Amino acid sequence: KTQNFREFPKYVESLQDCKDKKVYMSCTGGIRCEKAAAYMKQQGFKHVYQLEGGVLKYLEEIPESESMWKGQCYVFDRRVAVKHGLEQGDYEMCFACGEPMDDGDKESDLYEAGVSCPRCYDKFDEFDKERFRERMHQMRLAQQRLQAGSAKASEEAFASKLWRFHPDLMEKDPPR
């Protein structure tokens, strides 16, 4: 196993006895698979296959009724996860620790918007939590000022950042 893509070449070295076996790989967007497949072929692997365009292309093009994909796909943007048809998934990002949260996490007594989720509640002391509360307060104040019409020129930039990190605080659709 690898923890990051930089470790991949060393991992491939450990597979030298498998060069005649079939290798299948899939990546979220397919880009790392392109690199990984090319590297493996360069290292002498004969049967390397990948999901063309990645999981996202698969979810976009294959109807759910014909799909072999189960569940949601984690993505590295404000959507957090997507379903078939690239429909918004059921997860949000914890503003405190950056981990994905589902509805069950948000129903927990340990959840406080922008301050903690069940995974990080014990990781932050009260000083940190108070800083996070103040950050949320300042963000809400800034949103109110923007909605009142002040600082119109920076509204889209601010709203885009706020939406990316904490969509449940926004009252309108994300900026385009």
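Trainee: Is C120 buried or exposed?

Mentor: C120 is buried, with a relative accessible area of 0%. Keep in mind that this is a predicted model.

Trainee: Which cysteine sulfur is closest to the sulfur of C120, and how far away is it?

Mentor: The closest one is in C97, at 3.7 Å. That is too far for a bond, because a disulfide needs the two sulfur atoms within 2.5 Å.

Trainee: How many disulfides does the count come to, then?

Mentor: The count comes to 1 disulfide. That disulfide joins C27 to C33, with an S to S distance of 2.1 Å.

Trainee: What is the handedness of the link between C27 and C33?

Mentor: The link is right-handed, with 95° about the S-S bond.

Trainee: And C33, buried or exposed?

Mentor: C33 is buried, at a relative accessible area of 1%. C73 is buried too, with a value of 5%.

Trainee: Let's step back. How many helices and strands are there?

Mentor: The protein chain has 6 helices and 6 strands. Starting at the N terminus, their order is α-β-α-β-α-β-β-β-β-α-α-α.

Trainee: What share of the residues is buried?

Mentor: Buried residues make up 32% of the 176 residues in the protein chain. The accessible surface of the chain is about 11,900 Å², and 50% of that surface belongs to carbon and sulfur atoms.

Trainee: What about contacts between residues 24 or more positions apart?

Mentor: Those account for 40% of the contacts in the protein chain that have a separation of 6 or more.

Trainee: Which residues are in the largest nonpolar core?

Mentor: The largest nonpolar core has 12 residues, among them F8, V12, L15, V23, M40 and F45. Both C27 and C33 belong to this core as well. Helix 1 (8–13), strand 1 (22–25) and helix 2 (31–42) each supply at least two of its residues. Helix 2 gives the most, with 4 residues.

Trainee: What does F45 touch?

Mentor: Not counting residues up to four places away in sequence, F45 touches V12, L15, C18, K19, V23 and M40. There is also a second, separate core of 8 residues, which includes C94, A96, Y111 and C120.

Trainee: So C120 turns up again. Where is Y111 found?

Mentor: Y111 is in the loop between helix 4 (103–107) and helix 5 (126–147). Y111 is buried, with a relative accessible area of 17%. From Y111 to Y121 there are 10 residues in sequence, and their C-alpha atoms are 7.5 Å apart in space.

Trainee: Which charged end sits over the ring of Y121?

Mentor: That of K129, 3.4 Å from the ring centre. Another case is R135, whose charged end sits over the ring of F95, 4.4 Å from the centre.

Trainee: Staying with rings, how many aromatic pairs does the structure hold?

Mentor: The structure holds 4 aromatic pairs. One of them is F5 with F8, a stacked pair with 5.7 Å centre to centre and 5° between the planes.

Trainee: Why does that pair count as stacked?

Mentor: Planes under 30 degrees apart count as stacked, so the 5° between F5 and F8 qualifies.

Trainee: Are F5 and F8 buried or exposed?

Mentor: F5 is partly exposed, at a relative accessible area of 29%. F8 counts as buried, at 13%. The cut-off for buried is under 20%, so F8 passes and F5 does not.

Trainee: Which residues do ring pairs link into a cluster?

Mentor: F5, F8 and Y39. Y39 is in helix 2, and at 23% relative accessibility Y39 counts as partly exposed.

Trainee: What is Y39 in contact with?

Mentor: Leaving aside neighbours within four places in sequence, Y39 is in contact with F8, P9 and V12. Y39 and P9 are 30 residues apart along the chain, with 8.0 Å between their C-alpha atoms.

Trainee: Last one. Where is S67 found?

Mentor: S67 is in the loop between helix 3 (54–61) and strand 3 (73–74). S67 is buried, with a relative accessible area of 10%.

Trainee: Which residues is S67 in contact with?

Mentor: Leaving aside neighbours within four places in sequence, S67 is in contact with Y58, I62 and H84.

Terms used
Residues numbered from 1 in each chain as written. Predicted model: local features only at pLDDT ≥ 70, side-chain atom pairs only at ≥ 80, totals over all residues. Heavy atoms only, no water. Core = buried A, V, L, I, M, F, W, Y, C linked by side-chain atoms within 4.5 Å. Buried < 20%, exposed > 50% of the residue type's maximum accessible area, 1.4 Å probe, protein only. Contact = heavy atoms within 4.5 Å. Phe/Tyr/Trp six-rings, centres within 6.5 Å; stacked < 30°, edge-to-face > 60°. Lys NZ or Arg CZ within 6 Å of the ring centre and 35° of its normal. Areas by Shrake-Rupley, 256 points an atom, 1.4 Å probe, with all protein chains shown as cover.
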